[in-house]
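Hello,

Here is the structure I promised to pass on. Could you look it over when you have a moment?

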Amino acid sequence: MCGRYYVDDETAREIRRLVLKLDQRMRRESDQTAAVFPSQKATVITGRERHMEAEQMIWGFPRFDGRGLLINARAETAVERRTFKESVLHRRCVIPAKGFWEWNKSKEKFSFERMDSQVMFMAGCYDCFDGQERFVILTTEANPSVKPVHDRMPLILERNELEDWVTDDNAVEYFLHKTPAMLGKNAEYEQICLF
């Protein structure tokens, strides 16, 4: 997954519905679609104290060499990697989004969104670095809806899986190996090949 996802007004409303249901306070989001870039703060849903709550965190773990950020973790190997193991096992989060962008080998940009919902829930994990809480998005092998564009995609959760993902340490292995739902694909333009 490349380093961009996006949130729109409906995504913000869904976040508020979740948070209000959980009796949490949420600041009003913008009415416009806004790109979220690595190193920016974004709203994530965590499972502290065994209940869900919305928090602001920075997207990206600092690299050990100090050069840039790690923004994704492979779901298939996250529990084997020292950088992600404890976070995946004990500090999981959900990243709500309208969708995400991906580029193919020809540098054409595509957006991916749920066809059955206004909001997509991406699985993630978080940790604290120098007093700042930061998250990464878990990725998995692309399903047939994304594979023509890119070989990886975010690990997408269903709405009814959110609480288990952030609170149930025993369910981690199941989630890390699930196949995400099919997504709709749109392009600003599509390159026409005459030959």
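Below are some notes on the fold, one strand and a few loop residues.

First, the ground rules. This is a predicted model, in which local features need pLDDT of at least 70 and side-chain atom pairs count only at pLDDT 80 or more, while totals for chains, interfaces and linings use all residues. Residues are numbered from 1 along each chain as its sequence is written, and side-chain values use heavy atoms, with hydrogens and water left out.

The protein has four helices and 15 strands; these are DSSP runs numbered from the N terminus, with helices being H or I of at least four residues and strands E of at least two. It is 195 residues long, and 50% of them count as buried, meaning under 20% relative accessible area, with exposed over 50% and partly exposed in between (1.4 Å probe, protein chains only). The accessible surface is about 10500 Å², and carbon and sulfur atoms hold 47% of that; the areas come from the Shrake-Rupley method with a 1.4 Å probe, and for residues only the protein chains shown count as cover. Among contacts (heavy atoms within 4.5 Å) with a separation of 6 or more, 65% link residues 24 or more positions apart.

Strand S3 (41-46) is a good place to start. Five of its six residues are buried, so S3 is mostly covered. S3 pairs with two strands, where pairing takes at least two DSSP bridges. With S4 (residues 53-59) it runs antiparallel over six bridges, and with S8 (residues 92-97) it is antiparallel over two bridges. Isoleucine 45 has a partner on both sides: alanine 54 in S4 and valine 94 in S8. S3 and S4 make a hairpin with six residues between them, and glutamate 49 in that turn has a positive phi of about 55°.

Positive phi turns up elsewhere too. Most residues other than glycine have a negative phi. Serine 39, in the loop between S2 (34-36) and S3, has a phi near 80°. Aspartate 130, in the loop between S11 (120-129) and S12 (132-141), has a phi near 50° and is exposed at 82% relative accessibility.

Finally, have a look at alanine 181, in the loop between helix H4 (172-176) and strand S15 (183-187). Leaving aside residues up to four places away in sequence, alanine 181 touches Arg114, Asn143, Met153 and Glu158. Its C-alpha is 9.5 Å from that of aspartate 116, although the two are 65 residues apart in sequence.

Best wishes
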